[in-house]
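Visitor: Please take me slowly through one part of this structure, explaining each term when it comes up.

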Amino acid sequence: MLLAIDTSAGCDVAVVSDQGRVLGEYREPSARHHAEAIGLAIAGALEAAGIGPADVTGVVCGMGPGPFTGLRVGVAAARTFAFAHRLPLHPLPSHDAIAHEWRHAHPADEGELIVTTDARRRELALSRYAAGSPVAASGFTLVAPDAVPDDATRADAHEVSAAHLALAWLERRERGLPEATDEILYLRAPDAKPGAVPKRVTA
């Protein structure tokens with residue numbers, strides 16, 4: 001059983017079986033009050049799945065991109081749950097979940113995909129996925145809304161599904177792809193550490 005947690009947008013938690021069956025979900029769409037919601041979300045997803053913490057065999061954690069305050073709550077909760085129950089932690093970019101969900105809903109479209117989420121400050125966080133790939137071609141970039149490239153199908157998202165986060169990780173495992181790096185993808189360096197401002201593209 002996989003417990004998937006993502007707080008890059010709202011607060012989303014899901015329980016998914018190793019065979020890809022979604023057993024329980026809990027979603028708080030508000031991008032505020034993550035600290036208050038995360039415990040209830042985890043308990044709610046486990047209750048909906050009819051299992052307890054001892055039944056979980058792995059934790060999938062959405063690593064962003066997202067704002068510092070909300071994102072770190074989910075990552076800390078996932079790391080703490082995994083550590084407390086001696087479980088493997090599987091980090092994954094949150095945009096992978098959006099790409100997986102979009103392709104699941106549009107199976108006939110196998111071309112290149114651009115995923116965007118709100119980055120605030122009148123910008124979008126953008127990740128590009130090659131045709132058929134569950135993994136972004138490179139790290140995310142920050143772009144103005146009118147500067148999103150128009151050379152690929154575009155998936156704009158306001159929420160991240162924890163269920164599809166787990167399903168994206170299962171697909172990565174099935175394809176024999178390596179684990180993602182355990183790096184939190186904050187939207188902007190000032191929110192996390194000096195330097196390393198994400199590269200911006202203009203076209």
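Guide: Two strands pair if DSSP finds at least two bridges between them, and strands (E, at least two residues) and helices (H or I, at least four) are DSSP runs, numbered from the N terminus. This is a predicted model, in which local features need pLDDT of at least 70 and side-chain atom pairs count only at pLDDT 80 or more, while totals for chains, interfaces and linings use all residues. Residues are numbered from 1 along each chain as its sequence is written, and side-chain values use heavy atoms, with hydrogens and water left out.

The part to look at closely is strand β1, which covers residues 2-6. On one side, β1 runs parallel to strand β4 (residues 58-62), and four bridges join the two strands; within this pairing, isoleucine 5 has cysteine 61 of β4 as its bridge partner. β1 also pairs with strand β2 (residues 11-16), this time in the antiparallel sense and over five bridges. In that pairing alanine 4 is placed opposite alanine 14 of β2, and β1 and β2 form a hairpin, with four residues between the two strands.

The next thing to ask about β1 is how much of the strand is covered, with buried meaning under 20% relative accessible area, exposed over 50%, and partly exposed in between (1.4 Å probe, protein chains only). Five of the five residues of β1 are buried, so the strand is largely enclosed by the rest of the structure. In a regular strand the side chains alternate between the two faces of the sheet. In β1, Leu2, Ala4 and Asp6 are on one side and Leu3 and Ile5 on the other, and since these residues are all buried, both faces of the strand are covered.

Cysteine 61, which we met as the bridge partner of isoleucine 5, is itself buried, at 0% relative accessibility. A disulfide is a pair of cysteine sulfur atoms within 2.5 Å, and by this rule the count comes to zero. Cysteine 61 is therefore in no disulfide, as the nearest cysteine sulfur, that of cysteine 11, is 12 Å away. Cysteine 11 counts as buried too, with a relative accessibility of 2%.

Cysteine 11 also leads us to an enclosed space. On a 1 Å grid over the protein atoms alone, a cavity is a set of points where a 1.4 Å probe fits but cannot get out, a pocket is an open set with protein on both sides within 12 Å along at least five of seven lines, and lining residues have an atom within 4 Å of a point. A search of the whole structure finds one cavity of 30 Å³ or more, and the largest cavity has a volume of about 30 Å³, where volume is the space filled by probe spheres set on grid points joined across faces, edges and corners. Its lining consists of Gly10, Cys11, Asp12, Arg27, Glu28, Pro29, Glu159 and Val160, and β2 and β3 (22-28) each supply at least two of the lining residues. By class, three residues of this lining are nonpolar, one is polar and four are charged; here Ala, Val, Leu, Ile, Met, Phe, Trp, Tyr, Cys and Pro count as nonpolar, Asp, Glu, Lys and Arg as charged, and the others, Gly among them, as polar.

A salt bridge is a side-chain nitrogen of Lys or Arg within 4 Å of a carboxyl oxygen of Asp or Glu, and the whole structure has nine of them. One of these joins arginine 154 to aspartate 156, at 2.7 Å from N to O. Elsewhere, salt bridges that share partners link Asp12, Arg27 and Glu159 into one network, and Asp12, Arg27 and Glu159 are also among the residues that line the largest cavity.

For a contrast away from β1, aspartate 96 and arginine 172 form a salt bridge whose closest N and O atoms are 3.2 Å apart. Aspartate 96 lies in helix α3 (residues 94-105) and arginine 172 in helix α4 (residues 162-174), so this pair ties together parts that are 76 residues apart in sequence. Aspartate 96 is buried, at 2% relative accessibility, and arginine 172 is buried as well, at 7%.
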